[in-house]
Amino acid sequence: MRKIVIVLTTCLSLLYSYNSRAQDITGLRTDTIKMRLDSAENIFVRKNFTLLAQRYNIDAQKALVLQAKLFPNPTFSFGTPLYQTATHKYFPMGKEGEISMGLSQVIMLANKHNKQLKIAQSNAELSEYQFYDLLRTLKHTLRSDFFNIHYLMQSAKVYQTEIDGLQRMSDAFDQQKGKGYVSEKEVVRIKAQLYSLQSEFNDLQQQIEGLESEMRLLLQTPSIVVVPEVNEQNIDVLNAQQYPIAKLIDTAYTERPDLKIAGLNTKISTLNLQLQKAMAVPDVTLQMNYDQQGSYIHNLATVGFSIDLPFLNRNQGNIKSARATVKQNEAGYLAAKAGVDEQIFNALQRAMENSELLQKRDPSFDRDFDRLSDEVLKNYRSRNMSMLDFLDFYDSYKENKVQTETLKYNRLSAFEDLNFYTGTDLFPLK
């Protein structure tokens, strides 16, 4: 009897442990939070690990500026005999001993020190621009995901409404099965439509979940599902013709950190070319030496210098490589500017086209569609409408609502791209 109790207790403990783990797994992401865009951006700036890593890179580059300001250390040398055979002494000192000492200091010529310092300072500045460019890129991803989730959720509501209506109808048909009130063909057709909507809805949900996953990585909030709160009125008043394209391009040339990076790379490569030319000039090493008894006189003190003779190696390869890098970075900068022109033109064109499409839509059309959707369902249940007309309306209603939300997102996405391509918030999105 005791063994049976022990076995039962063990089984119950294992079952409880399994259920607890299962609840932990299924409850990982049960927190759903409504969030505005500014709140999401604040969390992102404070918690994103990628931004934090780039901030440390800025500190590292600034430390290298401090290092570049330092001059080479002097070199001190000391020598004495290990063993003197005449006196049989180890490390002999004094009158019967011998010591030699030397002190040397490298003197950098051709202004190498200042050139190296300028390169370190430019690299520190480059790391800051890289941080701002990373911030701009990740914020664009965050904002795009935020708005995309919002409009996909609006489409999901349409699917859910139609699925709920068809599910109730399918359940009612199942209850009437075999009574002759509804044909089997009609039951099958309704269920086929229901299953089709459920499959499309599942695909839509997976798309939303993928965007939610990416947003959680950006916000570093693994247990939260974000429901975006979007002010549609602020978005509706956005005007693609508010700024001429010349102003947008000029703003991008001034503000975009990736263009500043391209320009700074050209500057750094030019500074490196100057440094490589300076490296062709050898440095001078000043020397002071003292020898107690090892030279032609006792207590010999000497001064002198040493310098490489640049007969064979005049740093030709590094100079040639640095000159080619300058040309490469200059071409890269021009290519980046050309890309900016095309990006802004394309985004502005998309914003204008999508805005025009939305303006052409009759505002009462969607309201009438929403009102008719419930009436159509009631009429079909009352057998005042044929199945084909009912399904045709349901398809049309779904397609219209999904296309409307897609069009709204495409329009907003074009404005968000304009902000991204200009490097500013000329078109505030909330």
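What follows is a chat about a predicted model of a protein.

Biologist: Give me the overview, how many helices and strands does the protein have?
Modeller: There are 11 helices and 8 strands. Keep in mind that the model is predicted.

Biologist: OK, and what share of the residues counts as buried?
Modeller: Of the 430 residues, 36% are buried. The accessible surface of the protein comes to about 26000 Å², and carbon and sulfur atoms hold 56% of that surface.

Biologist: What about contacts, how much comes from residues 24 or more positions apart?
Modeller: Those pairs make up 81% of the contacts with a separation of 6 or more.

Biologist: Back to the surface. Which residues make the nonpolar patch?
Modeller: Ile107, Leu286, Phe305, Ile307, Leu309, Phe311 and Leu312. Together they form a patch of about 790 Å².

Biologist: Take Leu312 from that list. Where is it placed?
Modeller: Leu312 is in the loop between β8, residues 300-307, and α9, residues 316-360.

Biologist: And is Leu312 buried or exposed?
Modeller: Exposed, because its relative accessible area is 78% and the cut-off for exposed is over 50%.

Biologist: Switching to backbone angles. Which residue has a positive phi of about 45° without being a glycine?
Modeller: That's Phe91. It lies in the loop between β4 (89-90) and β5 (100-107). Ala110 also has a positive phi, near 60°, and is not a glycine either.

Biologist: Where does Ala110 sit?
Modeller: In the loop between β5 and α4, the helix covering 112-175. Ala110 is partly exposed, with a relative accessible area of 33%.

Biologist: Since you mention α4, what does Ser144 touch?
Modeller: Ser144, which lies in α4, touches Tyr409 and Glu416. That leaves out residues up to four places away in sequence.

Biologist: Why does Ser144 count as buried?
Modeller: Its relative accessible area is 15%, and buried means under 20%, so Ser144 makes the cut.

Biologist: Now α11. How far apart are its end C-alpha atoms?
Modeller: They are 52 Å apart. The helix runs over residues 387-422, which is 36 residues, and at 1.5 Å a residue it should span 52 Å, so the two values agree.

Biologist: Which residue follows α11?
Modeller: Gly423, with a positive phi near 75°.

Conventions. Residues are numbered from 1 along each chain as its sequence is written. This is a predicted model: local features need pLDDT of at least 70, side-chain atom pairs count only at pLDDT 80 or more; totals for chains, interfaces and linings use all residues. Side-chain values use heavy atoms; hydrogens and water are left out. Patches are made of residues with over 30% relative accessible area and no salt bridge: like charges are joined within 9 Å, nonpolar side chains (Val, Leu, Ile, Met, Phe, Trp, Tyr) within 5 Å. Accessible areas come from the Shrake-Rupley method with a 1.4 Å probe; for residues, only the protein chains shown count as cover. A salt bridge is a side-chain nitrogen of Lys or Arg within 4 Å of a carboxyl oxygen of Asp or Glu. Helices (H or I, at least four residues) and strands (E, at least two) are DSSP runs, numbered from the N terminus. Buried means under 20% relative accessible area, exposed over 50%, partly exposed in between (1.4 Å probe, protein chains only). Contact means heavy atoms within 4.5 Å. The expected span of a helix is 1.5 Å times one less than its number of residues.
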